[in-house]
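Thank you all for coming; I would like to walk through one structure today, taking a pocket, a helix and two side chains in turn.

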Amino acid sequence: MNISQAATAAGLTSKTIRFYEQQGVIPPAARSANGYRIYTEQQLDSLRFIKRSRDMGFSLDESRELLQLSLDPSRTSASVKQKAEQQITRIDQQIEALQQMRSLLEAAANRCRGDESAECPILDQLNGVAVDNDSPE
């Protein structure tokens, strides 16, 4: 199949597939007589694997490593589990950071009257102006 068909089948863009080839994540596709890339079912499986890995938040390098592990019959599940647990820890840290951001933004939004006045606790927060949290709304 050509690159646009492979992209559709893998849920990626053609540009992403070319990037993965350039980065050595997947081997370069064979070329037809007219120079078009031709992808095999195995390459398509690899592209889908990388996409799912990226969807779980793994970096491109980590996704490459996981793909290599998936193709290695001598791998151990312990090494794969360790990578997954490290990713879970990173996701938990991201969730905590997002919750803190949300809390700060929500508190500023709750203090904002949202009327025609120029006073805006949201902008004050972004400007680093100390805001009295105990002031009545």
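Helices and strands here are DSSP runs, H or I over at least four residues for a helix and E over at least two for a strand, numbered from the N terminus. This is a predicted model, in which local features need pLDDT of at least 70 and side-chain atom pairs count only at pLDDT 80 or more, while totals for chains, interfaces and linings use all residues. Residues are numbered from 1 along each chain as its sequence is written, and side-chain values use heavy atoms, with hydrogens and water left out.

Let me begin with the second largest pocket, where a pocket is an open set of points on a 1 Å grid over the protein atoms alone, where a 1.4 Å probe fits, with protein on both sides within 12 Å along at least five of seven lines, and lining residues have an atom within 4 Å of a point. Its volume, the space filled by probe spheres set on the points, which are joined across faces, edges and corners, is about 150 Å³. Both α3 (41–55) and α4 (60–71) supply at least two residues each to this lining, and α4 gives the most, with four residues. Among the lining residues are Gly24, Pro27, Gln43 and Arg64.

Gly24 also follows α2, and has a positive phi, near 75°. In α2, which spans residues 14–22, Ile17, Tyr20 and Glu21 are buried, meaning under 20% relative accessible area, with exposed meaning over 50% and partly exposed in between, for a 1.4 Å probe and protein chains only. Because they cover an arc of only 100° around the axis, they sit on the same side of α2, the arc being that of the directions from the helix axis to the C-beta atoms. On the other side of α2, Lys15 and Gln22 are exposed.

Which residues does Gln43 contact, leaving aside its neighbours within four places in sequence? They are Pro27, Pro28, Ala29 and Ile38, with contact meaning heavy atoms within 4.5 Å. Gln43 lies in α3 and is buried, at a relative accessible area of 10%, and its side chain reaches the backbone oxygen of Pro27 at 3.3 Å.

Finally, Gln87 lies in α5, residues 77–111, and is buried with a relative accessible area of 4%. The side chain of Gln87 reaches the backbone oxygen of Gly57 at 3.0 Å, and, with neighbours within four places in sequence left aside, Gln87 is in contact with Met56, Gly57, Phe58 and Glu62.

Definitions and conventions. Polar contact = N/O pair within 3.5 Å; in protein donor to acceptor, adjacent residues only side chain to side chain.
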